[in-house]
Amino acid sequence: MERSWMRFRVAAVVLAAATAAGAGGRTFAAGAAGASPELRGVSTRLDRATSTVLIEASEPVAYVTSQPDPLTVFVDLRNVRAAGPGAVAGPVPPVSAVRVEGAAAADGVPVTRVRVALERPAPHRVRSSRNVIYVEVDRLAEKVPGTFSEPAREK
């Protein structure tokens, strides 16, 4: 009896794996098969010591962050549709501008890129909760840890 139960479990696991492989890695949004998530909005918020950029999608999405230079932070949302590229949200220091752009990942998958431009180098943190991604930038920091300033010259 125990042996037949084990065969049933193995068969169920193999069937589940074959079904997942047959789906071709597609995800299904609630209510619409094959529909990709969309970017609902981007806004800014000013808290005590933090300027926050809030990126809201229609559902939780995969994202990657990068910082190509000290004044730019990218948040790339994988397989997310945007209504259209353009400037969004008002600036809240040290965030000087926020733009939504179309881009492609290294593997060719389309991504929606949110570009956060900073007035000065500042430490930041990116986190998410449900379908909102938060880019929190420290407003009060004078210097970003790990950056180097010009050495003083002797006369």
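**A hairpin and its strands, with reasons**

Mentor: In this predicted model, the hairpin formed by strands E8 and E9 leaves two residues between the strands, and Arg130 takes a positive phi near 60 degrees there.

Trainee: Where is the place of Arg130, and why is Arg130 called buried, partly exposed or exposed?

Mentor: Arg130 sits in the loop between strand E8 (124-129) and E9. Its relative accessible area is 74%, and the word exposed applies over 50%, so Arg130 is called exposed. Its phi, about 60 degrees, is positive although the residue is not a glycine.

Trainee: Which other residue has a positive phi without being a glycine, and what makes its class of exposure what it is?

Mentor: Asn79 has a phi near 55 degrees, again in a residue other than glycine, and it is placed in the loop between strand E4 (72-78) and E5. Its relative accessible area is 40%; since buried means under 20% and exposed means over 50%, this value falls in between, and therefore Asn79 is partly exposed.

Trainee: How do you know that E8 and E9 count as paired, and how many bridges join them?

Mentor: Six bridges join E8 to E9, and the two strands run antiparallel. Pairing requires at least two bridges, so these strands qualify. Within this pair, Ser128 has Ile133 of E9 as its bridge partner.

Trainee: Which strand is joined to E9 by seven bridges, and which residue of E9 stands opposite Thr52?

Mentor: Strand E2 (residues 50-57) is joined to E9 by seven bridges in an antiparallel arrangement, and by the requirement of at least two bridges this is therefore a pair as well. Opposite Thr52 stands Glu136 in E9.

Trainee: Why is Glu136 called buried or exposed, and which residues does it touch?

Mentor: Glu136 has a relative accessible area of 16%, which is under the 20% cut-off, so Glu136 is called buried. Leaving aside residues up to four places away in sequence, Glu136 touches Thr50, Ser51, Thr52, Pro123, His124, Arg125 and Arg127. For E9 as a whole, six of its seven residues are buried, and the strand is mostly covered.

Trainee: What makes the approach of the side chains of Glu136 and Arg127 a polar contact?

Mentor: The two side chains come to 3.0 Å, and the cut-off for such a pair of N or O atoms is within 3.5 Å, so the distance satisfies that part of the definition.

Trainee: Which element has the highest mean pLDDT, and which has the lowest?

Mentor: Strand E9 (residues 132-138) has the highest mean pLDDT among the elements, 97, whereas helix H1 (residues 2-22) has the lowest, 52. Over the protein chain the average is 78, and 66% of the residues score at least 70.

Trainee: Where does pLDDT stay under 50 while the model has zero contacts beyond four places in sequence?

Mentor: That is the case over residues 148-153. Over residues 18-33 pLDDT also stays under 50, and there the model has six contacts beyond four places in sequence.

Trainee: Which residues does a cis peptide bond join, and what is omega there?

Mentor: The cis bond joins Pro93 and Pro94, with omega about 5 degrees, and Pro94 is placed in the loop between strand E5 (86-88) and strand E6 (95-104).

Trainee: How many helices and strands does the protein chain have?

Mentor: The chain has one helix and nine strands, and 26% of its 155 residues count as buried.

Technical notes. Residues are numbered from 1 along each chain as its sequence is written. This is a predicted model: local features need pLDDT of at least 70, side-chain atom pairs count only at pLDDT 80 or more; totals for chains, interfaces and linings use all residues. Side-chain values use heavy atoms; hydrogens and water are left out. pLDDT is the predictor's confidence in each residue, from 0 to 100. Helices (H or I, at least four residues) and strands (E, at least two) are DSSP runs, numbered from the N terminus. Contact means heavy atoms within 4.5 Å. Buried means under 20% relative accessible area, exposed over 50%, partly exposed in between (1.4 Å probe, protein chains only). A polar contact is a pair of N or O atoms within 3.5 Å; within protein, one must be able to donate a hydrogen and the other to accept it, and residues adjacent in sequence count only if both atoms are side-chain atoms.
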